[in-house]
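Good morning, and thank you for the time. I should like to take you through one structure, beginning with its membrane annotations and then turning to how its parts meet.

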Amino acid sequence: MSLLSVRDLTVKFAMRDQTVTALNGISFDLAKGERLGIVGESGAGKSITGFSLMNLLSRPGYIDSGQILFEGEDVVQMNDKRLRNLRGNRMAMIFQDPMVTLNPVLTIGQQMIETLMAHRKLSREEARQIAIVKLREVYIPSPEERLEQYPHELSGGMRQRIIIAIALLLDPQLIIADEPTTALDVTIQADIMELMLELCQSNQVGLILITHDLGVVSQMTERTLVMYAGRIIEAGRTREIINDPQHPYTQGLINALPQQTVPGQRLKQIPGNMPGLASIPPGCAFNPRCKYATDLCRARVPEIVQYSEVAVACHEVQRLHSDEDRQEARA
Amino acid sequence: MFAYLAKRVIQAIAVMFVISLIAFAIQGNLGDPLRELVGQSVSEEVRQQLRDELGLNDSFVTQYLRFAGNALQGDLGTSYFFKEPALDVILKKLPATLELVFGATLIIIGFSVPLGVYTAIKPDSILSRIIMGLSIVGISIPVFLTAILMIFVFSVEYGWFPSYGRGDTVHVWGYWQTNFATADGWMHIILPSIALASIMLPLFVRLIRAEMMEVLQSEYVKYAKAKGINPWRIYFVHALKNTLLPVITVGGVQIGTMVAYTILTETVFQWPGMGFMFLEAVNRVDTPLIVAYLIVVGFIFVVTNTIVDLIYGLVNPTVNIARMGA
Amino acid sequence: MSIETLSPKPEPSRWSKAWNSNMGYSFRRNPVAVVSMIVFLLIAAASFLAPVIAPYDPYDPGSIDIMNSEYPPVWIDGALPEFMLGTDDQGRDLWSTILYGTRLSLLIGICAVALQAFLGISIGLLAGYVGGRLDSLLMRLADIQLSFSTLMVAIIFLAVTQAMFGSDTFNQYAVIFLIAVIGVAEWPQYARTVRATVLAEKKKEYVDSARVLGFGPMRIMVRHILPNSLSPIFVISTVQVANAIISEASLSFLGLGMPPSQPSLGSLISSGFDYIFSGSWWITAIPGVVLVVLVLVINLLGDWMRDVLNPKLYKG
């Protein structure tokens, strides 16, 4: 049985004069201990997916329909008490910006101990000991002193380590990490990622890594979802998606990576911008930016179907491939 | 801690210096001390001689230094009207005003925090809408009008509460007579306290609500939810503590306004405090008393503001106050 | 046709954008705002047309007869039909006196706020644009000024002025004193907000490009930066007018503002206060209601405006 099974998840935002669909029928599974990457531009719905999994959307967003089965129980249907028991305990989250994630007026110790005591019957001293152990696990020097400190006394990288330690406090089954290194210095990004990978592997914790960085996904995850305008457009094993992307959008993303460009040449960016949620074009949302778009693409939303090694939502995927074959043959 | 405290104290001394300068300038320009002493039927020669004796012909700096020196020793001159040291006159009136402010502060803190938090947590509930509607009416009614309205309704029409004065007070210590020891004292202080609190209470309800709503949108509150923390702990530990920081700042700013409102409230209720006394002193052109009031009020203001700053430092960990040298 | 096409600004100002998209629409949909606006306009129009509407001239001693004092409003027994809202303690027609008094209250409130805005915006632009030492000095001054309550400063200033000049001279110039003291005391509100906007806008490209094009600092500030501060200025101004009217009323109530011979709403309430124990409640109550309604509708409009424009206001 898979750890997490999302079925037809639809999330909407009730704005003042209209309701927009932010997630449109998302489905995916995650096995125990599996690491999954969710990739896409900002606004594609990655973070909303992450927050939905914990049923943590704040107004005006809400889950319109669908199921999120976590260890067989539907998160969408849980009452507040069950949700509290889930959050931070069985499923933990790492936020994007460590500078604003920790409460500025509470000490690190208070913020760790309250998490433990919210879920386990522990004395304050027992909770403190667990916190110290977890801080050691994320390589924080002199953890006893850190517990007495306030967030503003620590660097961004240090804070993110502490947030990772808090995520691990209760040995959850799944950690959702929403762009965990975007706000950090480039020099410590790799350290943090390495730490997360190491901890997930050694503790058999499932990981959903939300990022826009394909390079990070290829190092960290076994499977990848590519999102565009609130839908999954390509899903499969990370290696296949990186090496042989099927959807024109994924291809564009990979071609735009600096590694794919000869030095001195311009980066090959995908022309145009992702549409806003309120103005998604009919048919395939990517069609205005796609050089292969046909009348069918402009009229009907493509189903996600298995093609080659991956699942892909594109009407033209077969033609695209024969084109490529032909080009290769010509070369 | 020491550096923080020292900075506040230096600031306080600077403000007191400016206030004393203003007070001195007022003293020099308001009324004629000679006329108060000897009347008008004295020859010009005697006048000049008296001026010399009183030091009125000395240089500005000498006169100011004498004034400041006397003030530091608690000598703020003698009231023309009461024929008593001005400071004594004020200190006798001070407890009445402080008890009034104490009552109003209790009302403000006791109601604004729960109401502000409630309206922030449940912004769409009917009760919240009623509270917010009343609060905007509340900030639109001047203090003196609330006071008059309460006298009219509760004293004149229904006769439930007395309309003026302090009633029975009990002597506590020194000049301190308290209202809180007798039922009659309580009856007398209730209406003035409510009136004094009337415009600030809705102000603080709205302020706490606005700040709290902003804090509830913050990442760290979202994060606390993601950790599965109990909502009450989120509201009253995570959110309220952050909400209080700007509220404390505004509270410090409002102390001066509170003093101004005591003048209004005391006037309406003929409450025998400093504010009422000040207006009488103005009408009688009792310069030493006006000057003494200014200095005493300035002193209270500076002390309370310094205390507020210290409280802020204690609540806000980014102000390093509790940790020495760290 | 939109405003943007008419005036080629480097960036459409927040104000004109807000007006076109949101402001009018939200106003029409908000009954509280509409009613408040109507009531405010009615009060403003009636008070500024006071010389035309009012049946008596309360400033003309010839039209006042002390024998007419303390007649109740017409819906109470013992009223005289010619005095619709009754008369005050001096025998003046209350309706006329209220019209004139409201005019004074509004005039003082609006002029005082205009003065605040002028001082505050100038200082804020200067501090934000020049920056450096001058900026920190001015903002320090603003902090100090704010920590002294306006009402307290006004009470002491007016009390001393009155004691110094005597009541007669003071009464003659009371309007000017009130405007000056309320107007000077509250400039930091504007200065801080404008400064914050200037600092934010200064970083944006269009200000750089205007500077590169050789426009002087004056022109850049007035033409380019100021329009972007308009929505917070509007929100502050409404609240400030309400506060200024309350301050004026409070000062007049204490006898430190408008004299009874030329009463504003505050002094009218004050003179009526002595009579509520003898049953002549209307001298206090009716002007009191007018004052509260006036301040309330301005506050409601301010609240609505804050919701719609949602400006970044400087928090103290």
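**Helical spans, interfaces and a sheet**

I begin with residues 170-187 of chain C, a span that is 89% helix and 0% strand, with its end C-alpha atoms 24 Å apart. Please keep in mind throughout that this is a predicted model. The span is one of those in chain C to which UniProt, in an unreviewed entry, assigns the feature "transmembrane region"; the others in that record are 32-54, 104-132, 144-164, 225-246 and 281-302. Of these, residues 225-246 of chain C are 100% helix and 0% strand, and the end C-alpha atoms of that span are 32 Å apart.

Chain B carries the same kind of annotation. The unreviewed UniProt entry places "transmembrane region" at residues 12-30, 100-121, 133-156, 185-205, 243-264 and 290-315 of chain B. Two of these spans may serve as illustrations. Residues 185-205 of chain B are 90% helix and 0% strand, with 28 Å between the end C-alpha atoms. Residues 290-315 of chain B are 100% helix and 0% strand, and there the end C-alpha atoms lie 37 Å apart.

Let me describe chain B as a whole. It contains 13 helices and two strands. Its C-alpha trace spans about 85 × 60 × 35 Å along the principal axes. Of the 326 residues in chain B, 40% are buried. Among contacts in chain B with a separation of 6 or more, 70% are between residues 24 or more positions apart.

Within that chain, I would draw attention to one helix pair. The axes of helix 11 and helix 13 of chain B come within 10 Å and cross at roughly 180 degrees. Helix 11 of chain B is therefore roughly antiparallel to helix 13 of chain B. On the helix 11 side, the residues that meet helix 13 of chain B include Leu244(B), Ile248(B), Gly252(B), Ile255(B) and Val259(B). On the helix 13 side, they include Val297(B), Phe301(B), Thr304(B), Val308(B) and Ile311(B). By class, this contact comprises 11 nonpolar, six polar and one charged residues. A general point helps in reading such lists: an α-helix has 3.6 residues a turn, so residues three or four places apart point the same way.

I turn now to the interfaces. Which two chains share the most contacts? Of the two pairs of chains that touch, chains B and C have the most. There, 31 residues of chain B are in contact with 35 residues of chain C. On the chain B side, at least two residues each come from helix 1 (2-29), helix 6 (126-138), helix 7 (143-157), helix 11 (231-269), helix 12 (274-283) and helix 13 (287-315). Helix 11 of chain B gives the most to this side, with 11 residues. The chain B residues that touch chain C divide into 24 nonpolar, seven polar and no charged.

The other interface joins chain B to chain A, with 17 residues of chain B in contact with 23 residues of chain A. Helix 10 (219-226) and helix 11 of chain B each supply at least two residues of the side that touches chain A. Helix 10 of chain B gives the most to that side, with six residues. By class, the side of chain B that touches chain A has six nonpolar, six polar and five charged residues. Chain A and chain C, for their part, do not touch, and their nearest C-alpha atoms are 11 Å apart.

Finally, chain A. It holds an open sheet of four strands in the order 2-1-4-5, with antiparallel pairing. Strand 2 (19-30) and strand 5 (73-74) of chain A stand at the edges, each with a single partner strand, so one side of each has no neighbour in the sheet. Strand 1 (residues 4-14) and strand 4 (residues 61-70) of chain A run antiparallel and are joined by eight bridges. In this arrangement, Val11(A) stands opposite Ile63(A) of strand 4.

Helix 1 (residues 46-53) of chain A packs on the sheet, touching strand 1, strand 2 and strand 4 of chain A, and its direction makes about 70 degrees with that of strand 2. Is helix 1 of chain A mostly covered or exposed? Six of its eight residues are buried, so it is mostly covered. The buried residues include Ile48(A), Gly50(A) and Leu53(A). Just after helix 1 of chain A, Asn55(A) takes a positive phi of about 55 degrees.

Methods:
Residues are numbered from 1 along each chain as its sequence is written. Chains are lettered from A and ligands numbered from 1 in the order in which they are written. This is a predicted model: local features need pLDDT of at least 70, side-chain atom pairs count only at pLDDT 80 or more; totals for chains, interfaces and linings use all residues. UniProt positions are given in the numbering used here, feature names are shortened, and annotations may be inferred rather than shown by experiment. Two residues are in contact if their C-beta atoms, placed from the backbone, lie within 7 Å. Ala, Val, Leu, Ile, Met, Phe, Trp, Tyr, Cys and Pro count as nonpolar, Asp, Glu, Lys and Arg as charged, and the others, Gly among them, as polar. Two strands pair if DSSP finds at least two bridges between them. Axes are lines fitted to C-alpha atoms, for helices over the stretch in contact, and angles run from 0 to 180 degrees between N-to-C directions. A residue is buried if 20 or more other C-beta atoms lie within 10 Å of its own, exposed if 12 or fewer, and partly exposed in between; C-beta atoms are placed from the backbone. Angles under 35 degrees count as roughly parallel, over 145 as roughly antiparallel, 65 to 115 as roughly perpendicular and the rest as oblique.
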